[in-house]
Amino acid sequence: MEVLRELSVLWSLFHILILFMLLYRSRYSRRKTILLTGLAMMPVILLNLAGVAIYGAVFMGKIFILTCTLPSVLFFWFISEDKKGRFFFTFCLADTLALWIIALTNVLDFYFGGEKCILMLIGRILLFPLVEWVAIRYLRKPYLELQKSVASGWGIFAGMTALYYVLLAVFLNFPVIITARPQELPTFVLIMVLMPMTYAVIFSALYRQLLLYRRQQEERILQEQKNALEVQLENQQRIRRMKHDMKGYAATLSGLLASGKIEEAQEYLKDVRTEMDKSLGQFCANPYINAVFVHYVQKFQELGAECRMEIQIGDEPLPYMDLCQILSNGLENAYDALKGIPTEGRGVSVKMRYNREYLIIRIKNRCREGMHVDKGKIPDTTKEGEEHGFGLLTVQEAANRLGGEMFCYTEAGSFVLDVLVKIIK
C-alpha cells in the first residue's frame, strides 16, 4: 500500500511539472529549459518522496508548501520570461489543478477504495494525462498567445488563483487531513465544485481579452493598408499632374527649339526641373521613403502644423519596406496626436541620421497637456485615435526585425519616438 502511495506521489509531482511547462513561457530554449528543470526539480521530487516514505503523507501534506511549492516557484520564476502577474497566475493555475486532482483521488480512495491506494493511483494515472491532453488540445496555443500579447490585467487573476490554492491547501490538511473530518465533507465538495467555476470565469475574461487583442491587430493591419493606399493614391495623382504639365513643358520646349533659341530652351529646362522637384517634394534620394515623407508633410500642412525635416540618408541600399512601415506608423501617430491639440501649438520634426552601426530615426511632436509616458513603456490608445499607441507595436516589431530597438517617451510637452535600426554593411 505504501509503495502505491509513493508511486502516486511521484506520478503527481512529475505531472505538475509537465502541466506547468505546457502553459508558461521560458526565457530559454526548450532543450535548455527541460535540462534545467530536470536538474533543479528532480532533487525536490526525490526529497518529498523520501519525506512521504519516512514521515508519512499526512505530515508531508502539511508542509508541502515549504518543501515543494516554494522551491518550485523560485526556480520557475528565475527561468520564466514573465516575472509578474502572468507567471504567478500560470504557476497557481498548474499547482491548483494538480492539488485538485490529488485531493479528489485522496477522498475517493478513502471512501470507495478502502485506503488501499489502488483507486488513488489509477485516478491520478488517468486524470493527469487527461488534463494535459485538454491543455494541449484547447488551452495551450491561445493561452501562450494571450500571455505574449496582453501585458496588463493579470494581477487580479493571479491573486484569485493564489487565494484559492491556499484555501484548498489549508482546508485539506488543517487542523487534520480532510478524510479525518467527515462532517466537513459537504464543504469540501462545494470548494471542489467552486474551482472549475472560478477558472471558467477567469478564462472567459481572458478569452475576451484575446479577442480584443486580435481585433486590435486587425485594426492595425487595416490602418497600415489605409496609409499605404493613401500614399499610392497621392503618388498617382502627382504623376497625373506631372504628365499633364509635361505636355505644356514639351510644347514650350518644342517652340523654343524650332525657333533656334537653344540657350533659352536650356534655361527653361532648368526651371522645369526646379519646379518639378519643388512640386514633388524631395526629402531624400530613396523614392519609397521620400513618398512617405511627401504624403505626411502634406497632411501636416493641412493641419497647420510646423514640420521640420532633417534627413541625412542618400541613395544607399536600405530595407525600405520596414523603414516605410516604421515611418508611416510613427507619422500617423504624430498626426493623430496633433489633431487633438490647438492649431497654434502643432509641430512635428523628423530626423534620420547614422550613428556608428545604427540608423537613428526620431519623430518628435507636440502632445496634449498632461500626457506622460515613461521611457520603455508603450502608451495605450483610444478608439478615437487621439493618443499615441495605435501603431507603436508595429513599429517595435519592425525595429526588432531589423535588429534594432524602439523607445518612446514624453519630455517638455512633446512625445518622442526613437527607433534604432542596425545597419547591414
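Contact here means heavy atoms within 4.5 Å. The model is predicted, so local features need pLDDT of at least 70 and side-chain atom pairs count only at pLDDT 80 or more, while totals for chains, interfaces and linings use all residues. Residues are numbered from 1 along each chain as its sequence is written, and side-chain values use heavy atoms, without hydrogens and water.

**Arg124**
- Arg124 lies in helix H5 (residues 118–149), helices being DSSP runs of H or I with at least four residues, numbered from the N terminus.
- Beyond its neighbours within four places in sequence, Arg124 is in contact with Ser8, Val9, Trp11, Ser12, Ile101, Ile102, Thr105, Asn106 and Pro129.
- Arg124 is buried, that is, under 20% relative accessible area with a 1.4 Å probe, protein chains only.
- Arg124 has no salt bridge (a side-chain nitrogen of Lys or Arg within 4 Å of a carboxyl oxygen of Asp or Glu); Asp109, the nearest side chain of opposite charge, is 8.2 Å away.
- The side chains of Arg124 and Asn106 share a polar contact of 3.1 Å (a pair of N or O atoms within 3.5 Å, one able to donate a hydrogen and the other to accept it).

**Nonpolar cores**
- The largest nonpolar core (buried Ala, Val, Leu, Ile, Met, Phe, Trp, Tyr and Cys residues joined through side-chain atoms within 4.5 Å) has 55 residues, of which Phe76, Phe89, Phe188 and Leu206 touch the most other members.
- Helix H4 supplies the largest share of this core, 11 residues.
- Another core, of 40 residues, lies apart from it and includes Ile289, Cys324, Leu327 and Val350.

**Helix H10**
- Helix H10 (residues 320–339) is largely enclosed by the rest of the structure, because 16 of its 20 residues are buried.

Terms used
Helices (H or I, at least four residues) and strands (E, at least two) are DSSP runs, numbered from the N terminus. Buried means under 20% relative accessible area, exposed over 50%, partly exposed in between (1.4 Å probe, protein chains only). Lys and Arg count as positive and Asp and Glu as negative; His and the chain ends are not counted.
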